[in-house]
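This report looks at a ligand and the site that holds it. Please keep the sequence and the model in view while reading.

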Amino acid sequence: MASIFSKIISGEIPCYKVAETEDFLAFLDINPNAKGHTLCIPKKEGDKIFDLEDELYLGLMKFSKEVAIAIEKVVPCKRVGMTVIGLEVPHAHVHLIPLNTMEDARFLQKTQLSKDEFQEVAAAINTAM
Ligand code: AMP
């Protein structure tokens with residue numbers, strides 16, 4: 001199913017890109033729980049993460065792990081948490097969220113970042129990979 005993430009993959013709408021492979025893309029969440037909140041997605045369209053074929057699902061987990069390790073290197077946090085929701089965008093994705101408190105995992109308190117801050121943290125994570 002086409003979604004806003006299809007337009008990000010095609011380049012039709014911009015994103016703060018963190019990392020990219022042939023099959024996967026990581027970019028900053030536009031309404032982050034915390035600075036460095038990143039979404040990892042397969043480029044192939046598909047809604048529910050647990051409906052993905054095993055190879056794609058495992059590839060997404062491996063890609064997400066690599067991105068999470070890079071986030072933890074450059075974003076001060078106790079650890080990087082991983083969450084799957086998908087209620088808003090029907091394209092399989094993993095949320096990677098730098099966590100300092102449980103509030104950071106709850107999708108209630110949001111962080112405002114400037115364009116420069118988004119660009120800076122995306123570039124820093126990319127460089128750490
Ligand atoms: P959910 O589908 O509930 O897992 O949430 C989708 C996430 O995608 C939310 O955290 C949104 O802030 C994020 N999101 C929606 N549109 C964009 C966009 N154009 N660029 C970056 N993140 C987005």
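The sections below cover the pocket, the shell around the ligand and the polar contacts.

## Model and pocket

The model is predicted. Its ligand sits in the largest pocket. That pocket has a volume of about 430 Å³. Its lining is made up of 22 residues, and the closest to the pocket centre are Asp29, Ile30, Leu39, Glu88 and Val89.

Which elements give two or more residues to the lining? They are H1 and E2. H1 gives the most, with 3 residues. By class, the lining of the largest pocket has 15 nonpolar residues, 4 polar ones and 3 charged ones.

## Shell around the ligand

The ligand has 16 residues around it. Asp29, Gly86, Val89, His93 and His95 come nearest. Asp29 and Val89 also appear among the lining residues closest to the centre of the largest pocket.

Two elements give two or more residues to this shell: helix H1, residues 4-10, and strand E2, residues 24-28. The largest share comes from H1, with 3 residues. Sorted by class, the shell holds 10 nonpolar, 4 polar and 2 charged residues.

## Polar contacts

How far is a polar backbone atom of glycine 86 from an oxygen atom of the ligand? The distance is 2.8 Å. Glutamate 88 also places a backbone atom by the ligand: an N or O atom there lies 2.9 Å from a ligand oxygen.

Histidine 93 uses its side chain. An N or O atom of that side chain is 2.6 Å from an oxygen atom of the ligand. Glycine 86 and histidine 93 both belong to the residues that come nearest to the ligand. Glutamate 88 is one of the residues closest to the centre of the largest pocket.

## Cover

How much of the ligand does the protein cover? On its own, the ligand has 510 Å² of accessible area. The protein covers 89% of that area.

## Summary

The ligand sits in the largest pocket, with 89% of its accessible area covered by protein. H1 gives the largest share of the ligand shell and the most residues to the pocket lining. Ligand oxygen atoms pair with backbone atoms of glycine 86 and glutamate 88, and with the side chain of histidine 93.

Technical notes: Residues numbered from 1 in each chain as written. Predicted model: local features only at pLDDT ≥ 70, side-chain atom pairs only at ≥ 80, totals over all residues. Heavy atoms only, no water. Near = heavy atom within 4 Å. Polar contact = N/O pair within 3.5 Å; in protein donor to acceptor, adjacent residues only side chain to side chain. Areas by Shrake-Rupley, 256 points an atom, 1.4 Å probe, with all protein chains shown as cover. 1 Å grid on protein atoms, 1.4 Å probe; cavity = no way out; pocket = protein on both sides within 12 Å on 5 of 7 lines; lining within 4 Å. Sits in = over half its atoms within 2 Å of the grid points. Helix = DSSP H or I, 4+ residues; strand = E, 2+ residues; numbered from the N terminus. Nonpolar A, V, L, I, M, F, W, Y, C, P; charged D, E, K, R; others polar. Points joined across faces, edges and corners; volume = space filled by probe spheres on them.
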